[in-house]
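I opened this entry to look up the ligand site and the pocket around it. My notes follow the structure.

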Amino acid sequence: MGVVNVTPDSFSDGGSFGDAAEAIAHARRLIGEGAAIVDVGGESTRPGADPVPVQEELRRVVGVVEGVAALGLGAQLSVDTMKLAVAEAAVEAGATYVNDVSAFRHEPALAGLVADRGLDCCLMHMLGEPRTMQSDPRYGDVVSDVKAFLEERLAAAVAAGVPEERVQLDPGIGFGKTVAHNLELLRRLDEIVAIGRPVVLGTSRKSFLGRITGREAAGRVHGTVATCVLGFERGARIFRVHDVAAVADGLAVAAATLLRVPAEAPPSLSNRASR
Ligand code: HH2
């Protein structure tokens, strides 16, 4: 899953693709590098971020989703939003996947849209909300707590009519978590995988990698690849990343080693071969 942030303030690439044409070109590049899903977002969720008004988020997102759909490159289009109105407009523009970091808590009616339109969705764990989530997050056992939360949100989505097969789950790396919490989740990711739904992992360029390597966001690509390979080994299968080419190489090697997937044609890279 390649990240396309159409925001002035995202933590690692804010302002890089604020213009729709640049964002569409970036999406094309990510698909060419092997992304099977493109995740378009118009609201930063970095720690301390302020909410974006719905009209502004619509303005940022809809034209980009439309433009990427018009490329006809076959990648699935995801909208990264907590807002029903933004998801509805993105779906009209061609999105078939809703990535909601609030897991349908911000606007529960989002579950109805996913159910009615037969969409895929990602439900993510977050402690608190972006503005305050990094101030002293605490858990009993972080993995058990995140797992219980995701099981509850999966049940809520199913109760709202979303087929279980449409739901993917994400432990929410960096969303109300210390460095130790993030590493514990990564180390024991198999316990989240055991819920039985595909697990999405979003470690890309995040600050815990900076705390370990001493690098700024753009220099965290090698650390990102390490986390994706560790996550793959523990059963995660969708990786939300900024640096698709590097991660796709890491995952191709991991898949060839662990799954004996033929080295020259891993499914995750079939896009790359043909574009
Ligand atoms: N992380 C971010 C945003 N959306 N969605 C899922 N499912 N999982 C994640 O880990 C996740 C996410 C934050 O990263 P980014 O989009 O690069 O930054 P920002 O929120 O500042 O735009």
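These entries go from the ligand outwards to the pocket.

**Entry 1: the model.** I am working with a predicted model.

**Entry 2: the shell.** I looked up which residues surround the ligand. I found 17 of them. The closest are Ser10, Ser44, Thr45, Asp170 and Lys206. I then sorted the shell by class: five residues are nonpolar, seven are polar and five are charged.

**Entry 3: polar contacts.** Next I asked which side chain has an N or O atom 2.8 Å from an oxygen atom of the ligand. That side chain belongs to His242. I also checked the backbone. A polar backbone atom of Phe11 lies 3.1 Å from a ligand oxygen. For Gly202, a polar backbone atom is 3.3 Å from an oxygen of the ligand. I looked up the cover as well. On its own, the ligand has 480 Å² of accessible area, and the protein covers 99% of that.

**Entry 4: the pocket.** Where does the ligand sit? I found it in the largest pocket. I noted a volume of about 500 Å³ for this pocket. Its lining has 31 residues, and Phe11, Arg46, Ile173, Phe175 and Lys206 are the closest to the pocket centre. By class, I noted nine nonpolar, 14 polar and eight charged residues in the lining.

**Entry 5: helices in the lining.** I checked which helices supply at least two lining residues each. They are helix 6 (179–187) and helix 8 (207–213). Helix 8 gives the largest share, three residues.

Methods:
Residues are numbered from 1 along each chain as its sequence is written. This is a predicted model: local features need pLDDT of at least 70, side-chain atom pairs count only at pLDDT 80 or more; totals for chains, interfaces and linings use all residues. Side-chain values use heavy atoms; hydrogens and water are left out. A residue is near a molecule or strand if one of its heavy atoms lies within 4 Å of it. A polar contact is a pair of N or O atoms within 3.5 Å; within protein, one must be able to donate a hydrogen and the other to accept it, and residues adjacent in sequence count only if both atoms are side-chain atoms. Accessible areas come from the Shrake-Rupley method with a 1.4 Å probe; for residues, only the protein chains shown count as cover. On a 1 Å grid over the protein atoms alone, a cavity is a set of points where a 1.4 Å probe fits but cannot get out, and a pocket is an open set with protein on both sides within 12 Å along at least five of seven lines; lining residues have an atom within 4 Å of a point. A molecule sits in a cavity or pocket if more than half of its atoms lie within 2 Å of its grid points. Ala, Val, Leu, Ile, Met, Phe, Trp, Tyr, Cys and Pro count as nonpolar, Asp, Glu, Lys and Arg as charged, and the others, Gly among them, as polar. Grid points are joined across faces, edges and corners, and a volume is the space filled by probe spheres set on the points. Helices (H or I, at least four residues) and strands (E, at least two) are DSSP runs, numbered from the N terminus.
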